[in-house]
Amino acid sequence: MAEYSHHGWVYFNDSFYYISAWGNSWQDSREDCLQRGADLVIINSKEEQEFMRQFKKHVWIGLTDRETEGVWEWVDGTPLTTSYWDANEPNSHEGIDEDCGEIKLHYDDENNWNDVSCTVQNIWICEKKFTLTQ
Ligand code: MMA
Ligand code: CA
């Protein structure tokens, strides 16, 4: 997998990715990405999911169902089509409102997404698409 790193950003398949050095809530993490001219990562290919696993980090992704419970949406407004939920996820565990998506620590498993409370402190990954037409 070709990777190129520059000032904390990693390049992969027409996007730049930034991984934070500390944890924050989902919303504050998203705001950090927006300030960097990016947004929380949107995973829309198997290759990108594989790439995410290589970070070997427990991170926020740009996925939420806070608008409508059970309707998962990416931060760019696109609906979730292909997903990589862990077994029995998303589950709003024990009735807790778990409205934000994260990648769990078992990166050996291709299906490693979990829904969790948006107030949990996680590190996060921003994605900035590299497009010449922007
Ligand atoms: C945690 C939390 C939940 C997740 C379960 C899976 C105990 O709660 O991360 O979101 O569904 O673990 O066991
Ligand atoms: Ca869960």
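Student: Leaving aside neighbours within four places in sequence, which residues is N112 in contact with?
Tutor: In this predicted model, where local features need pLDDT of at least 70 and side-chain atom pairs count only at pLDDT 80 or more, contact means heavy atoms within 4.5 Å. Residues are numbered from 1 along each chain as its sequence is written, and side-chain values use heavy atoms, with hydrogens and water left out. Once neighbours within four places are set aside, the contacts of N112 are Q49, R53, Y84, W85, D86, E102, I103, K104, H106 and Y107.

Student: Is N112 buried or exposed?
Tutor: N112 lies in the loop between strand 7 and strand 8, strands being DSSP runs of E with at least two residues, numbered from the N terminus. Buried means under 20% relative accessible area and exposed over 50%, with partly exposed in between, using a 1.4 Å probe and protein chains only. The relative accessible area of N112 is 0%, so N112 is buried.

Student: How many residues apart in sequence are the parts that E89 and N114 tie together?
Tutor: Both E89 and N114 are among the protein donors of the calcium ion (ligand 2), donors being N, O and S atoms within 2.8 Å of the metal, or 3.2 Å for Na, K and Ca. E89 lies in the loop between strand 6 (73-74) and strand 7 (100-103), whereas N114 is in strand 8 (residues 113-116), so the parts tied together by the pair are apart in sequence by 25 residues.

Student: What is the relative accessibility of N114?
Tutor: Like E89, which counts as buried at 15% relative accessibility, N114 counts as buried, because its relative accessibility is 6%.

Note on methods: Chains lettered and ligands numbered in written order. Helix = DSSP H or I, 4+ residues; strand = E, 2+ residues; numbered from the N terminus.
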